[in-house]
Amino acid sequence: MDYEKLMELIQKELDGDLSVDEKLQLEMHFKHYPADRDLADRFNRLHDRLIHLPQVSPKESIVDSIIPQIDEELSPPVRRISKSWKRISIGAGAGIAAMIAVFFLWQSIPIPTEEHAQISMDTAFEHKQQQELAPETKLEGKADKSNGTMGIAQNDHIENVISPTGEYIATWEQNRLVVNHKNGAIQFESEPFSENRQLKKLEWKTNEIVRVILTNPNPNEVLDPLEFDMISGTQLK
Amino acid sequence: MNDLALISRAQAGEREAVIELLRELELPVYRTAFYLMKNEHDARDASQEALLKIYRYLPTFKGEASFLTWVQRIVSNVCMDMYRKQSKVVPIAEDGAQLDYKGSKEVESGGIAIDLKSAINALPDLQRQAIVLRYIHDYNYQMIAETMDLPLNTVKSHLFRARKKLQECLQDYQDEGGTSWTMKS
């Protein structure tokens, strides 16, 4: 029996994995080469020490230390209202108030036909302005399930975004994209983006490709989407 | 840990079930982290991170593997990621040629268990993981293979090589009267 085979049988014996034939083979070998029995004994001693390694316990509860974080994540996310969103809300509110005022004014005061037409046009213009602002608000906090992808877009609170088959979990941490495999291993980690880039939307294009949409400091200016392939670990565009 | 009802309740986001489940997992998670990481502090950090990931990834657990195997896979991966980021210790090379051990080839022993833990820490990642699952959790080859997501023979190979390296270390310890732990070079 060569050394490699001997080592294999000695180790299999430690794990109770020897077949009857292998056990006989090993015993025969030890009869002819008693020195090799010493080698087996040494492995037995190591095995015994490994079995008796201390079964340690944490000094303080680890679960207790993470309960506040779990509670925070279990409760529905409380979204902070950004300054830009406040400005948009105030603007939209003022616009609506102006529309109502114009409407009542139009109802109560007889208006010559031409002027009437002009006011109607102004109202329509204001309404159009509001509609143009609307996409900003539509993206906030809504799951996008179009094209079979999932996504959650929230400026202030990004939850884990799970890929369609549940294989990967994408999240936004410290201004970078981090994707973990469902077994907990880090699958992909991008370089941090510039501080003046804000995440607009994070979604799965396919099960392997995650799409990131960033904005400039001006929240209305959305940059071209970036796509990252989890298999090759590369940025596609 | 086969309480499927508890797992289901936790997956549904029931707070009490989540906490109870995590409390049941705390010890096995910490023990893995303790032997995979360099020190107690790192083990605690890794355990916190692993328990949070377990909680966050609970919805992805579909029952393909046993729950404990799934949990051990998460904690092992967390530890490996953290260890790689933090570690400045050069692991024992596959061929046994490079054996830089805490910057010294000889480390005074305060007890063989402590030195054995240090020697385990110096093993390559997969060998370390196989040893911890085998001896701290008493896993058989099949369970180790499931946890590490490796073929059975590869697991045996990692385990055998790890024991061979530890045996070489132990041999030197014994040869020198059990007072010091020498890493062969």
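The bend at a residue in a helix is the angle between two axes, one fitted to the seven residues ending there and one to the seven starting there. Keep that idea handy, since we'll use it shortly. One more thing before we dive in: what you're looking at is a predicted model.

Let's begin with chain B and its second helix, α2(B). This helix has 22 residues, and the distance from its first C-alpha to its last is 30 Å. At 1.5 Å a residue you'd expect 32 Å, so to speak, and the value here is close to that. Still, α2(B) isn't perfectly straight: it bends by about 40 degrees at Glu26(B). Look just past that spot and you'll find a proline, Pro28(B), which follows within four residues.

Now zoom out to the rest of chain B. You can count eight helices and two strands here. Walk along the sequence and they come in the order α-α-α-α-β-α-α-α-α-β. Of the 185 residues in chain B, 43% are buried. If you take the contacts in chain B with a separation of 6 or more, 63% of them are between residues 24 or more positions apart.

What sits in the largest nonpolar core? This core has 75 residues, and those with the most contacts inside it are Ala33(B), Met37(B), Ala50(B), Leu51(B), Ile54(B), Cys79(B) and Ile131(B). Our bent helix turns up again here, as α2(B) gives the most to this core, with ten residues. Pick out Cys79(B) and check who surrounds it. Setting aside neighbours within four places in sequence, Cys79(B) is in contact with Thr32(B), Ala33(B), Leu36(B), Met37(B) and Ala46(B).

Next, see where the two chains meet. Here 39 residues of chain B are in contact with 32 residues of chain A. On chain B, the helices that each supply at least two residues to this side are α2 (15-36), α3 (40-57), α4 (67-86), α5 (112-121), α6 (125-135) and α8 (152-175). Which helix gives the most? It's α2(B) once more, with ten residues on the side that touches chain A. Sorted by class, that side of chain B has 21 nonpolar, seven polar and eleven charged residues.

Cross over to chain A and the picture changes. Its secondary structure comes to six helices and ten strands. Buried residues make up 17% of the 237 residues in chain A. Among its contacts between residues at least 6 apart in sequence, 39% join residues at least 24 apart.

Chain A has an open sheet of four strands, in the order β3-β4-β5-β6, with antiparallel pairing. Why do β3 (161-162) and β6 (186-189) of chain A each have one side without a neighbour in the sheet? They stand at the edges with a single partner strand each, so one side is left free of a neighbour. Follow β6(A) to its partner β5 (residues 176-181), and you'll find that the two pair in the antiparallel sense over three bridges. One example is Val179(A), whose bridge partner in β6(A) is Phe188(A).

Further along chain A, a hairpin joins β7(A) to β8(A) through four residues. Strands β7 (residues 198-204) and β8 (residues 209-215) of chain A run antiparallel and are joined by six bridges. Among the residues involved, Lys201(A) has Ile213(A) in β8(A) as its bridge partner. Then β8(A) also runs antiparallel to β9 (residues 226-229) of chain A, with four bridges between them. There, Arg211(A) stands opposite Glu227(A) in β9(A).

Technical notes. Residues are numbered from 1 along each chain as its sequence is written. Chains are lettered from A and ligands numbered from 1 in the order in which they are written. This is a predicted model: local features need pLDDT of at least 70, side-chain atom pairs count only at pLDDT 80 or more; totals for chains, interfaces and linings use all residues. A residue is buried if 20 or more other C-beta atoms lie within 10 Å of its own, exposed if 12 or fewer, and partly exposed in between; C-beta atoms are placed from the backbone. Two residues are in contact if their C-beta atoms, placed from the backbone, lie within 7 Å. Ala, Val, Leu, Ile, Met, Phe, Trp, Tyr, Cys and Pro count as nonpolar, Asp, Glu, Lys and Arg as charged, and the others, Gly among them, as polar. The expected span of a helix is 1.5 Å times one less than its number of residues. A nonpolar core is a set of buried Ala, Val, Leu, Ile, Met, Phe, Trp, Tyr and Cys residues joined through C-beta atoms within 7 Å. Two strands pair if DSSP finds at least two bridges between them.
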